[in-house]
Amino acid sequence: MTKLLKIEKRNVSSPYALAGIRIGSIFLALTIGAIFLIFSGHSPIETYGTMVDGAFGSTYGINETIVKTIPLLLATLAVSVAFRMKLWNIGAEGQIYAGGIVASGIALNFGHLPAYILIPMMLIGGFLGGAIWAMVPAIARAFWGTNETITTLMMNYVGILSVDYLVFGPWKDPDGFNFPITKEFSPAAFLPSFGNTRVHMGIVIALIVAFILYVVLNKTVWGYELRVAGENSTAAKYAGMNVVKNIILSLLVSGGIAGIAGMTEVSGIIHRLQSNFSPGYGYSAIIIAWLARLNPIAAIFVSFLFGGLIVGGYAVQTSGLPASIALMLQGLILFCVLGGEFFTQYRVSLDQRFFAKKEAKINEPRYCD
């Protein structure tokens, strides 16, 4: 079968060209989003202006953007660890729920303890909850070569439905007017907030994790092994690196950091466990990790911008648009950025041999009876 398109390998190494392609990809996504808004009867300039003003135009908006940045940043750092080793952890969402379950269990059963004991217990519990949730895909990937994209994705549904089971069943608050929520935690289980805002200590935890991860991934032997094994696992094995151990360890650390995101949400924002407490932070983290090029420091700023995108999405509801417009823009940005990444590595052209054969067939002499 003759192939029409020819895909050739190429590498764009110029940092200016790469930056231009990524900025252009985001601009293209916003342009496509603007076309959608025009056809739906809304002004793209007014809509984008409302989103920016809602997210960054007031102190309240900035505070809410930071609140959204906390789980996004932690989830992004989580998937970045696994992505460094070319392990596609799509299960951050389920690991967030697992961390929230364990942290909530500790808060509900040990609420009588003082805050300086209870908060660290919940933090460690959240980490362990996420890590244990990632253990099943990690072992399956390390020993049997199972596709971790599928297993981590499936674990998401188990995590989300496990929370539903708890808040509709054994942990349901009898005084909650039949809402799917647990009892409110004791005040000792609340992460401290800054002033009268909803910004809590989770932002400090997220920034500390980001700096620790930057050092670990870039300045330690383990970080070097992750990069080498991610580029070529055969070469890593030949060099004496324990690839199986690194697969398991990286996925456990990845799940654990996502579990901390779940802990900060239940302890810092809602102060109880409830159904659907994460509106897709684990999925948004995949986009942010790619935009930040798996760099923990860059992830801080990209997470902040995506937090603004979510808050801005809520703001446009006043103009008659659903808040899910932000999710649509996130999807467009991911699609365009991945497309841009593809064209930085490959050149697509029409195969001239296809046309040569067509032309030869046309010029072939025909004989009639």
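Helix H10 is largely enclosed by the rest of the structure, because 23 of its 28 residues are buried. The model is predicted. The points below cover H10, helix H1, a nonpolar surface patch, two buried residues and the backbone turns with positive phi.

**Helix H10**
- H10 runs over residues 243-270.
- At 1.5 Å a residue, its 28 residues should span 40 Å. The end C-alpha atoms are 40 Å apart, so the expected span and the model agree.
- Asparagine 242 caps the N-terminal end of H10. One of its side-chain oxygens lies 3.4 Å from the backbone nitrogen of valine 244.
- Just after H10 comes histidine 271, with a positive phi of about 60 degrees.

**Helix H1**
- H1 covers residues 15-39.
- The same kind of check works here: 25 residues at 1.5 Å each should span 36 Å, and the end C-alpha atoms are 36 Å apart, which agrees.
- Its buried residues are Leu18, Arg22, Ser25, Ala29, Gly33, Ala34 and Leu37.
- These buried residues pack against helix H2 (44-56) and helix H13 (325-345).
- Glycine 41 follows H1 and has a positive phi, near 85 degrees.

**Nonpolar surface patch**
- A nonpolar patch of about 800 Å² lies on the surface.
- Ile124, Leu128, Ile132, Met135, Ile139, Phe143, Trp144 and Val244 make up this patch.
- Helix H5 (residues 115-144) gives the largest share of the patch, 7 residues.
- Leucine 128 is one of the patch residues, and it is found in H5.
- The relative accessible area of leucine 128 is 44%, so this residue is partly exposed.
- Val244 belongs to the patch, and the backbone nitrogen of valine 244 also takes part in the cap of H10.

**Two buried residues**
- Threonine 65 lies in helix H3. Its relative accessible area is 0%, so it is buried.
- Beyond neighbours within four places in sequence, threonine 65 is in contact with Ala55, Phe56, Phe304, Gly307, Gly308 and Val311.
- Valine 199 sits in the loop between H6 and H7. At 7% relative accessibility, valine 199 counts as buried, because the cut-off is under 20%.
- Leaving aside neighbours within four places in sequence, valine 199 is in contact with Asn63, Ile66, Val67, Ser193 and Phe194.
- Valine 199 and isoleucine 269 are 70 residues apart in sequence, but their C-alpha atoms are 8.5 Å apart in space.

**Positive phi in loops**
- Most residues other than glycine have a negative phi. The two loop residues below have positive values.
- Lysine 86 has a positive phi, near 60 degrees. It is found in the loop between helix H3 (59-84) and helix H4 (92-109).
- With a relative accessible area of 37%, lysine 86 is partly exposed.
- Phenylalanine 177 has a positive phi of about 55 degrees, although it is not a glycine. Its place is the loop between helix H6 (148-168) and helix H7 (202-219).
- Is phenylalanine 177 buried or exposed? At 74% relative accessibility it counts as exposed, because the cut-off for exposed is over 50%.

Definitions and conventions
Residues are numbered from 1 along each chain as its sequence is written. This is a predicted model: local features need pLDDT of at least 70, side-chain atom pairs count only at pLDDT 80 or more; totals for chains, interfaces and linings use all residues. Side-chain values use heavy atoms; hydrogens and water are left out. Helices (H or I, at least four residues) and strands (E, at least two) are DSSP runs, numbered from the N terminus. The expected span of a helix is 1.5 Å times one less than its number of residues. Buried means under 20% relative accessible area, exposed over 50%, partly exposed in between (1.4 Å probe, protein chains only). A polar contact is a pair of N or O atoms within 3.5 Å; within protein, one must be able to donate a hydrogen and the other to accept it, and residues adjacent in sequence count only if both atoms are side-chain atoms. Patches are made of residues with over 30% relative accessible area and no salt bridge: like charges are joined within 9 Å, nonpolar side chains (Val, Leu, Ile, Met, Phe, Trp, Tyr) within 5 Å. Accessible areas come from the Shrake-Rupley method with a 1.4 Å probe; for residues, only the protein chains shown count as cover. A salt bridge is a side-chain nitrogen of Lys or Arg within 4 Å of a carboxyl oxygen of Asp or Glu. Contact means heavy atoms within 4.5 Å.
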